[in-house]
Amino acid sequence: MLLFSVGFLEINFVDFLDILLVSVLLFHMYKLIKGSVALKIFVGGLSIYLTYLVVKATDMELLSEILSQFIDVGVIAAFILFQQEIRKFLLIIGKSTDFKNFPLFQLFKTKSKETEIDLDIPSIIDAMKDMSGTNTGALIVISKDDALQFYAETGDYVDAKISKRLLLSIFFKNSPMHDGACLIYKNRIQAARCILPVSENPNIPATMGLRHRAGIGMTENTNCIVLIVSEETGQMSFIQGGVIDHNISAIELRGKIRNYMLDDEENNSPKS
Ligand SMILES: Nc1ncnc2c1ncn2[C@@H]1O[C@H](COP(=O)(O)OP(=O)(O)OP(=O)(O)O)[C@@H](O)[C@H]1O
């Protein structure tokens, strides 16, 4: 079905849809990588591809051959270079197509939201308050739908029921377990001493050290939340979707953890 024509170019409905979908895809890719080094690499790659199209259209065989070889390898290189962005992209798609959010499934939901929280929030908050009072550094990752196996394997398995005392002993300054992050999943402390991916966001203030950068990086890569106690200031922070809420009270912290666990879409949507 012909929609319109520009000179010799005839645009039909499928072409229009094709252009629209590519635009949406490019827009979302831009949103994902804006502010990171990946944007510069992406622009570089796009320029090479556009040059290749021009070179090919003008029948410059030698240059076209060189560029086409480069582009063939470029696809594999892109997967390696954009590993984190691809993970993020797939995570967003996975989240938006989550079957449990479909209206039909919502109809069969019988449990009230109150009973659905499967996390010992009081013990976590009590431990956070204690550590904040004694300037004990802490980095806690809470995940509700993924065991974060990849990250758990970087540390030591704990697999224990959450308790204030256990959290305090993990992060106690002289404890051999205090370094790194502690992972919580399914209401259990799964692992401690875990290494998290450090965020490459250039907009993070220079005053924030590695603990905070690792917390931000973790929430950029996975659908988890991160709680931090600063060893320097004793301040508590909450991180979700790469955005940090600094110096928050125990009450605010409790509310944010609850919102995440209840999957409150309004409070839980990843911020760009
Ligand atoms: N990639 C990482 N994954 C997990 N934990 C990390 C990582 N990098 C650093 N840490 C933790 O952060 C600690 C260092 O924190 P650093 O002082 O650099 O950060 P900070 O953000 O300034 O925090 P604080 O306010 O507590 O000083 C390390 O001892 C380690 O426990």
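The dialogue below walks through a predicted model, with a biologist asking how to read its features and a modeller replying.

Biologist: Where should I begin with the sheet, and what is the order of its strands?

Modeller: A sheet is best read by following its strands from one edge to the other, noting at each step which way the neighbours run. In this predicted model, the open sheet has seven strands in the order E4-E6-E5-E3-E7-E8-E9, and the pairing is mixed. Strand E4 (156-161) and strand E9 (243-245) stand at the edges with a single partner strand each, so one side of each has no neighbour in the sheet. On average, and with direction ignored, neighbouring strands of this sheet are turned by 20 degrees against each other.

Biologist: How do I see the mixed pairing in individual strands, and which residues can I use as landmarks?

Modeller: Take the pairs one by one and look for a bridge partner in each. At the E4 edge, E4 pairs with strand E6 (residues 188-194) in the antiparallel sense over four bridges, and there Asp-156 has Ala-192 of E6 as its bridge partner. Strand E3 shows both senses, since E3 and E5 pair in the parallel sense over four bridges, whereas E3 and E7 run antiparallel and are joined by six bridges. For landmarks, Ser-143 is partnered by Tyr-185 in E5, while Leu-139 is partnered by Ile-228 in E7 and Ala-138 stands opposite Val-229 in E7.

Biologist: What links E7 to E8, and how many residues lie between them?

Modeller: The two strands form a hairpin with six residues between them, and in its turn Gly-234 has a positive phi of about 80 degrees. The pairing of E7 with E8 is antiparallel over five bridges, with Met-236 in E8 as the bridge partner of Val-229.

Biologist: How should I read the two faces of a strand, and are the residues of E3 buried or exposed?

Modeller: In a regular strand the side chains alternate between the two faces of the sheet. With that in mind, look at E3, where six of six residues are buried: Ala-138, Ile-140 and Ile-142 lie on one side, and Leu-139, Val-141 and Ser-143 on the other. E7 likewise has six of its six residues buried, with Cys-224, Val-226 and Ile-228 pointing one way and Ile-225, Leu-227 and Val-229 the other way. Helix H7 (residues 121-133) lies across E3, E5, E7 and E8, and runs at about 30 degrees to E7.

Biologist: Which contacts does Ser-237 make, given that it sits in a strand?

Modeller: For a single polar residue, I would check the burial before turning to the partners. Ser-237, in strand E8, is buried with a relative accessible area of 0%. Its side chain is joined to that of His-246 by a polar contact of 2.8 Å. Beyond the neighbours within four places in sequence, Ser-237 is in contact with several residues, including His-212, Val-226, Ile-244, Asn-247 and Leu-253.

Biologist: Where is Ser-199 found, and what does its side chain reach?

Modeller: Ser-199 is in the loop between E6 and helix H10 (210-221), and at 4% relative accessibility Ser-199 counts as buried. Its side chain has a polar atom 3.1 Å from the backbone nitrogen of Asn-201, and a polar contact of 3.0 Å joins the side chains of Ser-199 and Glu-220. Leaving aside the neighbours within four places in sequence, the contacts of Ser-199 include Ile-204, Arg-213 and Gly-217.

Biologist: How many disulfides are there, and why is Cys-182 not bonded to Cys-194?

Modeller: The question is settled by the distance between sulfur atoms, for which the cut-off is 2.5 Å. The whole structure has zero disulfides. For Cys-182, the closest cysteine sulfur is that of Cys-194, but because the two are 7.6 Å apart they are too far for a bond. Cys-182 is buried at 0% relative accessibility, and Cys-224 is buried too, with a relative accessible area of 1%.

Biologist: Which residues does UniProt mark as a transmembrane region, and how should I set that beside the model?

Modeller: An annotation and a model are separate sources, and it helps to read them side by side. The unreviewed UniProt entry places this feature at residues 6-30, 37-54 and 66-82. In the model, the chain over residues 66-82 is 94% helix and 0% strand, with the end C-alpha atoms 23 Å apart.

Technical notes: Residues numbered from 1 in each chain as written. Predicted model: local features only at pLDDT ≥ 70, side-chain atom pairs only at ≥ 80, totals over all residues. Heavy atoms only, no water. Pairing = 2+ DSSP bridges. Axes fitted to C-alpha atoms, helices over the stretch in contact; angles between N-to-C directions. Contact = heavy atoms within 4.5 Å. UniProt positions renumbered as here; feature names shortened; annotations may be inferred. Buried < 20%, exposed > 50% of the residue type's maximum accessible area, 1.4 Å probe, protein only. Polar contact = N/O pair within 3.5 Å; in protein donor to acceptor, adjacent residues only side chain to side chain.
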